[in-house]
Amino acid sequence: MSPPDSPTQLELSLPKLAGRRLPRFAVIQFPGSNCDQDCVRALRDDCGYAAEYVWHQESSLAGFDAMVVPGGFSYGDYLRCGAMARHSPVMRAVSEAAASGVPVIGICNGFQILCEAGLLPGALIRNRSLHFVCAPVTLRVESVESLFTSQCYAGQLLTLPVAHGEGCFHADPDTLRTLEENHQVLLRYVDPLTGESTEASNPNGSVSNIAGICNAERNVFGLMPHPDRATHARLGSEDGKMIFAAMAEHVAGVAAKR
Amino acid sequence: MKVRVTVMPKAAVLDPQGVAIRNTLHHLGLPGAHAVRAGKVMEIELDPTSEDRPALEAKLRELCRDFLSNPVIEDFQLEIVD
């Protein structure tokens with residue numbers, strides 16, 4: 001499927017991208033993925049990029065500029081969330097792409113898969129409340145030094161929805177210290193009014209209210225909230241676009257240097 | 001040949017499931033239950049193999065570490081049942 005003919009709002013607002021080849025996103029599909037269509041629709045229709053499904057049995061991701069590991073319940077969340085998916089053939093290609101500097105974003109179940117695959121430190125465990133949480137949350141941008149948050153300003157508050165039962169981020173104290181020292185925590189759950197990270201604003205019990213982290217190289221990002229479900233005013237927020245736009249800008253910059 | 005793998009959350013990891021079970025035990029008349037940890041047990045039945053025992057055990061250990069448990073949050077125990 002080709003991208004929409006008419007320029008989208010984002011293309012109009014981002015003249016720097018005009019005239020260049022559209023960034024091409026791979027959206028990985030596992031058995032049990034359920035946000036793959038949200039991601040492709042958000043990327044194509046709301047952001048105006050090229051996006052294609054890639055089945056988990058594929059072993060090559062050649063020709064793609066960026067990877068999305070979408071949300072859902074890959075393999076029914078059997079054994080542990082993401083434990084089966086991380087052994088899929090396509091994950092080897094995702095790891096290779098990540099190692100070569102390609103932007104990789106894991107959303108919700110995708111975050112769990114990237115942690116299981118060792119592309120991100122830590123793990124996601126059952127929500128402290130044991131309840132599945134499904135609600136918009138407020139996030140504070142903790143660092144703009146990444147391929148994902150470069151379009152935001154430091155301290156900016158974003159509204160994105162969460163929908164998960166196992167989104168409580170866990171890491172041992174040493175890992176946590178490293179994450180904080182390197183500014184790898186990109187998003188934190190905060191109070192919408194004060195912008196402070198409080199216990200009440202933490203939907204799942206994550207350590208230090210962590211909602212999203214990147215790797216040390218800053219090209220792999222995992223987050224529990226869904227930017228893919230916040231790309232149109234009709235969805236209640238367009239803040240998710242900023243994250244995809246940052247990835248696209250990076251890709252365009254890389255292409256321009258070639 | 002039968003192998004039993006027990007996977008438990010690490011002591012330092014929050015186990016809300018265990019806490020919920022403990023609270024229900026209190027309601028059901030066991031007020032002395034002060035801690036519950038919930039893990040999982042997997043039983044694997046294996047065909048007889050030509051591999052020697054140490055090599056097989058090493059392979060099983062590797063799979064326990066890389067697949068059946070997540071060392072970030074869990075510990076495992078491997079037991080050859082028969």
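This short talk is about how two chains meet in a predicted model, and about its largest pocket.

Residues are numbered from 1 along each chain as its sequence is written, and chains are lettered from A in the order in which they are written. Because the model is predicted, local features need pLDDT of at least 70 and side-chain atom pairs count only at pLDDT 80 or more, while totals for chains, interfaces and linings use all residues, and side-chain values use heavy atoms, with hydrogens and water left out.

Let me start with the interface, where 16 residues of chain A are in contact with 16 residues of chain B, contact meaning heavy atoms within 4.5 Å. The two chains bury about 1,300 Å² between them, 68% of it on carbon and sulfur atoms, and this buried area is the accessible area (1.4 Å probe) that two parts lose on being put together, summed over both. Of the area that chain A buries against chain B, A:Leu79, A:Arg80 and A:His170 supply 39%, more than any other three residues.

Which residue forms a salt bridge with B:Glu74? The partner is A:Arg80, with the closest N and O atoms 3.8 Å apart, and the rule (a side-chain nitrogen of Lys or Arg within 4 Å of a carboxyl oxygen of Asp or Glu) finds 1 salt bridge across this interface.

B:Glu74 also appears in the largest pocket, where B:Glu74, A:Arg126, A:Glu166, B:Lys40 and B:Ile73 are the closest to the centre among 26 lining residues. A pocket here is an open set of points on a 1 Å grid over the protein atoms alone, where a 1.4 Å probe fits, with protein on both sides within 12 Å along at least five of seven lines, and lining residues have an atom within 4 Å of a point. This pocket holds about 490 Å³ of space, a volume being the space filled by probe spheres set on the points, which are joined across faces, edges and corners.
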